[in-house]
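Visitor: I like to know what stands behind the words people use for a structure. Could you take me through a few of them?

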Amino acid sequence: MEYALVTGASRGIGKAVALRLAREGFPVLVNYRSRQADAEEVLRQIEAEGGKAELLPFDLADPKAVEVALAQWEGVHPDDYVSVLVNNAGIRSDSLMIFMNDEQWHSVTDVTLNGFFYVTRRLLKEMLTHRNGRIINISSLSGLKGLPGQANYSAAKAALIGATKALAQEVAARKVTVNAVAPGFIATDMTKDLDEAELKKLIPAGRFGKPEEVASLVAFLASKESAYITGQVISINGGLYT
């Protein structure tokens with residue numbers, strides 16, 4: 001059986017993606033680090049709609065934790081593999097660089113960039129063996145444009161784009177695609193502290209996006225219909241370009 005793993009799936013874009021992929025017929029692994037109650041609610045919603053899901057908690061920034069969690073899952077599922085990986089997890093810790101401390105830098109890059117590396121590297125072998133895989137990395141407008149106060153976040157998301165383009169070339173011959181999605185301002189917990197009224201004035205569409213709209217794009221990239229799309233960065237931002 002082919003599973004989809006969504007990192008950081010307890011809320012926001014990750015939650016919307018997990019729900020959408022379940023509706024597309026994938027059994028979904030709902031990853032989270034600490035928000036167990038929120039993750040359980042995602043699981044409940046998927047099962048209430050007739051889908052299948054499992055909770056898979058681990059800290060993406062800890063390579064040993066990643067290895068242990070995925071090895072245990074594979075031990076229980078010897079005939080299954082993850083064919084769709086959505087590297088969604090990320091955190092913000094905004095500050096002007098002159099005031100940014102080491103922890104702010106490392107915590108953001110550890111989750112977004114190192115987490116992508118640890119999980120993707122671990123799951124690649126089965127995708128390549130089966131000659132089937134979809135890796136979808138959630139980047140950001142911040143990774144394309146850069147935003148003041150987000151040198152750490154912009155660096156991590158921009159690096160994710162570079163890794164997407166490189167990895168896509170490494171695995172294309174084995175029918176594994178690697179793409180990035182770059183959302184603009186999306187109405188989630190991560191953006192609730194932003195001045196939405198002012199920022200909407202910059203967006204041609206005149207509003208923040210919805211997590212479900214990002215999930216629709218991810219679902220297409222996870223489908224068989226997207227087999228000839230790889231190494232791409234697709235913006236979803238209401239017309240807010242760099």
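Guide: Sure, we'll go over the cavities and then one helix, and keep in mind that this is a predicted model.

Visitor: How many cavities of 30 Å³ or more does the count come to?

Guide: Two cavities reach 30 Å³ or more. The largest holds about 50 Å³ of space, and the second largest is put at about 50 Å³ as well.

Visitor: What makes a residue part of the lining of a cavity?

Guide: It needs an atom within 4 Å of a cavity point. For the largest cavity, the residues that pass are T7, L60, N87, N88, A89, V111, T112, G115, F116, I138, K157 and L160.

Visitor: Which element gives the most to the lining of the largest cavity?

Guide: That's α4, with four residues. Helices α4 (102-130) and α6 (151-171) each bring at least two residues to this lining.

Visitor: How does the lining of the largest cavity divide by class?

Guide: You get six nonpolar, five polar and one charged. Gly counts as polar here, so G115, one of the lining residues, goes with the polar ones.

Visitor: And which residues line the second largest cavity?

Guide: W73, E74, D80, Y81, V82, L123 and E126 do. Two or more residues apiece come from α3 (63-76), β4 (81-87) and α4. By class, that lining has four nonpolar, three charged and no polar residues.

Visitor: On to the helix. How do you know that the span of α2 is close to the expected one?

Guide: Helix α2 covers residues 36-48, 13 residues in total. The expected span is 1.5 Å times one less than the number of residues, which comes to 18 Å for α2. From first C-alpha to last, α2 reaches 18 Å, so the two agree closely.

Visitor: Which residues of α2 are called buried?

Guide: A39, V42, L43, Q45 and I46. The word applies because each has under 20% relative accessible area.

Visitor: Why do you say that the buried residues of α2 line one face of the helix?

Guide: Look down the axis of α2: its buried residues fall within an arc of 160°, so they line one face. In general, an α-helix has 3.6 residues a turn, so residues three or four places apart point the same way.

Visitor: What do the buried residues of α2 pack against?

Guide: They pack against α1 (12-23), β2 (28-32) and β3 (53-57). A37 and A48 sit on the other side of α2 and are exposed, which means over 50% relative accessible area.

Visitor: What is the phi of G50, which follows α2?

Guide: G50 has a positive phi, near 90°.

Terms used. Residues numbered from 1 in each chain as written. Predicted model: local features only at pLDDT ≥ 70, side-chain atom pairs only at ≥ 80, totals over all residues. Heavy atoms only, no water. 1 Å grid on protein atoms, 1.4 Å probe; cavity = no way out; pocket = protein on both sides within 12 Å on 5 of 7 lines; lining within 4 Å. Points joined across faces, edges and corners; volume = space filled by probe spheres on them. Buried < 20%, exposed > 50% of the residue type's maximum accessible area, 1.4 Å probe, protein only. Arc of directions from axis to C-beta. Contact = heavy atoms within 4.5 Å.
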